[in-house]
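Colleague: Mind walking me through a few of the labels on this one? I'd like to hear what each rests on.

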Amino acid sequence: MTTPTRQRPRRRPDRATRHVQATSAAGATGADAIAELAHHPHRRHNPLLDEWLLVSSERTQRPWQGRHEIPPAAPVLEFDPTCYLCPGNRRANGQTNPAYDDTFVFTNDFAALRPDAPDLRLEQGLLRAEIEAGTCRVLCFSRRHDLTLARMDRPAVHRVVDLWADQTAELGERFQWVQVFENRGEMMGASNPHPHGQIWAGSALPYEADREDRNQLAHLRDHGSRLLLDYAAQEAGGPRIVVENEEWLVVVPFWAAWPYETLLIPKRPTDRLPGLDAGRRDALAAILIDLLGAYDRLFGLSFPYSMGWHQAPFRGRPEDHWQLHAHFFPPLLTANVRKFMVGYELLAETQRDLTAEDAAERLRGALDGGSSRRRARKAAAL
């Protein structure tokens, strides 16, 4: 009797092997490999946070019978007598705003952090807590109620940049972390349509900041250069660039989580906003207007987003590993459909429905007018 030959089971290739095979299947590394990846669910790595996210671009074709957002009507009044932030008006706590002409700063009437917090800690087994001292301020960008940063002129946006820098320098003398941010629109929780942002400063280094701190430091130790400057150099001339000028670069990061997320990076080593000279502040104002204008034109509405600056902590020592940058996190997938971070995203890892390359192409198409570089991009695509 013949003994049957046992077939050896096929070994499932490990992650490194699958990576090599995917690269080979595309025919080359770089653009060809990324184009091939776009046809399949795949994961991308975020080196700033050292985490992975899932990209499933074909999900944009699924039927949608869920919630449809109704864009709020834009403010039409230059001055609203009922607005808590307009000049000369009374706020909720009874104080009256000055008749300011450009920008205005005040301590948040309902601050999440207070500077007079006592020094108190709790440690009981797995239960740990500590008091966090800090402050929260509201930054009014303009006296006009009906404007947004996208619709302000370049000198006015330059004054906002000066405000961000001045507030950072002042608060950095007392607090380790200074978080400048803006929540734009009702969808992002903005409680008032008047053009404004916030700045929270605290004594501790928050979780996201700590992760960026550790990963930028590790990159400097391993490579002798700043992570985000290396990333900007690698993206130069690539498909994820949205807009750039002589000093600044806007890119949809390879690892973007939100549909039209962007990253704004200075092209020269910079650790904090106060380190920008007048010329670089003016170039920043210009590129902010370009980017936010593209957001608004993408779907023909005032685009909601949360944006914020990540800058080096104030620790009384050199921070040569830190590169100043701003994150823009808009939630819209289409004009009336929001990307919800739920289910798999909450329980496993972030997932996105649109590739970073596709998002960047659509944002480039929404830029007004355009430089010769943008016109060249469009011509090359025909």
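**What the labels rest on**

Modeller: Let's start in the hairpin, where E123 stands opposite R128 in β5. This is a predicted model, so local features need pLDDT of at least 70 and side-chain atom pairs 80 or more, while totals for chains, interfaces and linings use all residues. Numbering runs from 1 along each chain as its sequence is written, and side-chain values use heavy atoms, without hydrogens and water.

Colleague: What makes β4 and β5 a pair?

Modeller: Strands (DSSP E runs of at least two residues, numbered from the N terminus, as are helices, H or I runs of at least four) pair if DSSP finds at least two bridges between them. β4 (121-124) and β5 (127-130) have four, in the antiparallel sense. Two residues lie between the strands, and G125 takes a positive phi near 60°.

Colleague: Why is N89 called buried?

Modeller: Buried means under 20% relative accessible area, exposed over 50%, partly exposed in between (1.4 Å probe, protein chains only). N89 has 8%, so it counts as buried. N89 is found in the loop between β2 (51-55) and β3 (104-107).

Colleague: Why are α4 and α5 called roughly perpendicular?

Modeller: Axes are lines fitted to C-alpha atoms, for helices over the stretch in contact, with angles from 0 to 180 degrees between N-to-C directions. Under 35 degrees is roughly parallel, over 145 roughly antiparallel, 65 to 115 roughly perpendicular, the rest oblique. α4 (207-223) and α5 (227-235) pack at about 75°, axes 8 Å apart, and are therefore roughly perpendicular.
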